[in-house]
Amino acid sequence: MMETPETTKWYVAIVHTNSEHTTAQLLEEKGIEAYVPQQPIVRIRKSGRKVKAVKTVIPGVVFVKCTETLRKTVVVYLPTVSRFMMDGTAKERRVAVVPEHQIEILRFMVGQSDVAVDIESRQFVVGRKVRVVRGALKGLEGIVREVKSGMNELIVQLDMIGCAKLSIESANLEPVDD
């Protein structure tokens, strides 16, 4: 019986703090394709001077394209890789695989965008009760009315008057369990 060669897939390596670039270089040296989404940015120092820098879009993550067999050896041989991201339920855990087309879309967005690309891991759904966790409105609770690209329209019921609404970033909200 003839063996078929393993296919390569994109895996998500979780790496030590600030070692994304080093990890990607080490992988490339071993002949393994790696991708760290990075964007050039301009930072303004306290002195007012502008400095060009590179921002890692997803800190602590390196996308690794390899076979399953090779992926298993990466953690053993690279001290900067902590583990690989897992997917599924508690009963059926498996290594997370990112489809090729999603990597291509991410590369396009990061490479072509004139503004910083931010990854928002939390997703809020319309009708969800939330609480503001930072800023001047910290502690305010309301209902998500609409969700648009990382911004949520938050509705707060005001008895006898109606509703107040405002747009707020997802990063400033947490779900409220009833």
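The protein chain comprises 3 helices and 14 strands. The model is predicted. Of the 178 residues in the protein chain, 33% are buried. The exposed surface amounts to about 12,600 Å². Carbon and sulfur atoms contribute 54% of that surface. Among contacts in the protein chain with a separation of 6 or more, 56% join residues 24 or more positions apart.

The interior was examined next. In soluble globular proteins, nonpolar side chains tend to be buried together. The largest nonpolar core here contains 16 residues. Ala13, Leu27, Val62, Val64, Val74, Val81 and Phe84 have the most contacts inside this core. Four elements each supply at least two of its residues: β1 (9-15), α1 (20-29), β5 (61-66) and β6 (81-84). A second, separate core holds 13 residues, including Trp10, Ile14, Val57 and Val117.

Ala13 illustrates the packing in the largest core. Leaving aside residues up to four places away in sequence, Ala13 touches Gly60, Val61, Val62, Val64, Val81, Arg83 and Phe84. Of these partners, Val62, Val64, Val81 and Phe84 are also listed with Ala13 among the core residues with the most contacts.

The loop between β1 and α1 contains Asn18. The phi angle of Asn18 is near 60°, a positive value in a residue other than glycine. With a relative accessible area of 69%, Asn18 is exposed, because the cut-off for that class is over 50%.

On the surface, Ile105, Phe108 and Met109 form a nonpolar patch of about 320 Å². Met109 belongs to helix α3, which spans residues 100-112. The relative accessibility of Met109 is 40%, so Met109 counts as partly exposed. This value also satisfies the patch criterion of over 30% relative accessible area.

Glu141 lies in strand β11, which covers residues 141-148. Glu141 has a relative accessible area of 30% and is therefore partly exposed. Its side chain makes a polar contact with the side chain of Arg131, at 3.0 Å. Glu141 also lies 5.6 Å from Val130, C-alpha to C-alpha. In sequence, Glu141 and Val130 are 11 residues apart.

Terms used. Residues are numbered from 1 along each chain as its sequence is written. This is a predicted model: local features need pLDDT of at least 70, side-chain atom pairs count only at pLDDT 80 or more; totals for chains, interfaces and linings use all residues. Side-chain values use heavy atoms; hydrogens and water are left out. Patches are made of residues with over 30% relative accessible area and no salt bridge: like charges are joined within 9 Å, nonpolar side chains (Val, Leu, Ile, Met, Phe, Trp, Tyr) within 5 Å. Accessible areas come from the Shrake-Rupley method with a 1.4 Å probe; for residues, only the protein chains shown count as cover. A salt bridge is a side-chain nitrogen of Lys or Arg within 4 Å of a carboxyl oxygen of Asp or Glu. Buried means under 20% relative accessible area, exposed over 50%, partly exposed in between (1.4 Å probe, protein chains only). A polar contact is a pair of N or O atoms within 3.5 Å; within protein, one must be able to donate a hydrogen and the other to accept it, and residues adjacent in sequence count only if both atoms are side-chain atoms. A nonpolar core is a set of buried Ala, Val, Leu, Ile, Met, Phe, Trp, Tyr and Cys residues joined through side-chain atoms within 4.5 Å. Contact means heavy atoms within 4.5 Å.
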